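Reader: Please take a close look at one part of this structure, a single loop residue and whatever it packs against. Then work outward from there to the rest of the chain.

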Amino acid sequence: MSVAVSKNSYSPTVVGVNTYEETAGSDVVVVTSGIPRKPGMSRDDLLFTNMRIVTSVVEEIARHSPECVLLPVT
C-alpha cells in the first residue's frame, strides 16, 4: 500500500500485487503469508515452516521497499 500525504488529509492508495517488484517504493506493506497446520504436523513444524515463509517474504519486501512499515498478519 502506498500512502500519499498532503498538508490537510490523507489520500491512501491500496494495491494488491503479484510480484515483489510491484511493491517497490511502498510506504506500508501488509504481510499475510503462512500456511495452516496440516494433519500430523506438530506445532513446532508449523512454527518453523511459517518462520521460513515469512522470513523470505520480508527479505524480498525489504529489498524493494527498505523504508516501508511492515504489518504482519499471520
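**A loop residue and its surroundings**

Author: T23 sits in the loop that joins β2 (10-13) to β3. The coordinates belong to a predicted model. T23 has a relative accessible area of 11%, so this loop residue counts as buried. With neighbours within four places in sequence left aside, the contacts of T23 are V17, H64 and S65.

Of these partners, H64 is the one to follow. H64 belongs to helix α1, which covers residues 43-64. Its relative accessibility is 18%, and H64 is therefore classed as buried, because the limit for that class is under 20%. What does H64 touch, apart from residues up to four places away in sequence? The list is Y20, E21, T23, A24 and G25. T23 is thus met again from the helix side, because contact is a matter of heavy atoms within 4.5 Å and T23 is on the list for H64.

The side chain of H64 also has a polar partner: it makes a polar contact of 3.4 Å with the side chain of R63. R63 is likewise found in helix α1. Is R63 buried or exposed? With a relative accessible area of 57%, R63 is exposed, whereas H64, at 18%, is buried. Y20, which H64 touches, is 43 residues from R63 in sequence, yet the two C-alpha atoms are 8.9 Å apart in space.

R63 has a further interaction. Side chains of opposite charge can pair when their charged atoms come close. Here R63 forms a salt bridge with E60, with 3.5 Å between the closest N and O atoms. E60 and R63 are three residues apart in helix α1, which means that about one helical turn separates them. E60 counts as partly exposed because its relative accessibility is 24%. How many salt bridges does the count give? It comes to one.

Another face of the same neighbourhood is nonpolar. I61 is in contact with Y20, V29, V31, P66, C68 and L70, residues up to four places away in sequence not being counted. Y20 is therefore a contact of I61 as well as of H64, because both lists, drawn with heavy atoms within 4.5 Å, include it. I61 is also a member of the largest nonpolar core, which has five residues: V29, V31, V57, I61 and C68. At least two of these core residues come from β3 (28-31), and at least two from α1. In soluble globular proteins, nonpolar side chains tend to be buried together.

V58 is another residue of helix α1. At 28% relative accessibility, V58 is classed as partly exposed. Its C-alpha lies 9.6 Å from that of V29, with the two positions 29 residues apart in sequence.

The loop between β3 and α1 holds G34. A relative accessible area of 40% makes G34 partly exposed, in contrast to T23, which is buried at 11%. G34 is in contact with N50 and I53 when its neighbours within four places in sequence are left aside. G34 and V54 are 6.7 Å apart, C-alpha to C-alpha, and 20 residues apart in sequence.

There is also a nonpolar patch on the surface. V30, V69, L71 and V73 make up this patch of about 330 Å². One of them, L71, is in strand β4 (residues 69-72). L71 is partly exposed, its relative accessible area being 40%.

The chain as a whole puts these details in context. The protein has one helix and four strands, and from the N terminus on the order is β-β-β-α-β. Among its 74 residues, 20% count as buried. Of the contacts with a separation of 6 or more, 61% join residues 24 or more positions apart. The protein exposes about 5700 Å², with 57% of that area supplied by carbon and sulfur atoms.

To return to the starting point, T23 is a buried loop residue in contact with H64. H64 in turn makes a polar contact with R63, and R63 forms a salt bridge with E60.

Methods: Residues are numbered from 1 along each chain as its sequence is written. This is a predicted model: local features need pLDDT of at least 70, side-chain atom pairs count only at pLDDT 80 or more; totals for chains, interfaces and linings use all residues. Side-chain values use heavy atoms; hydrogens and water are left out. Buried means under 20% relative accessible area, exposed over 50%, partly exposed in between (1.4 Å probe, protein chains only). A polar contact is a pair of N or O atoms within 3.5 Å; within protein, one must be able to donate a hydrogen and the other to accept it, and residues adjacent in sequence count only if both atoms are side-chain atoms. A salt bridge is a side-chain nitrogen of Lys or Arg within 4 Å of a carboxyl oxygen of Asp or Glu. A nonpolar core is a set of buried Ala, Val, Leu, Ile, Met, Phe, Trp, Tyr and Cys residues joined through side-chain atoms within 4.5 Å. Accessible areas come from the Shrake-Rupley method with a 1.4 Å probe; for residues, only the protein chains shown count as cover. Patches are made of residues with over 30% relative accessible area and no salt bridge: like charges are joined within 9 Å, nonpolar side chains (Val, Leu, Ile, Met, Phe, Trp, Tyr) within 5 Å.
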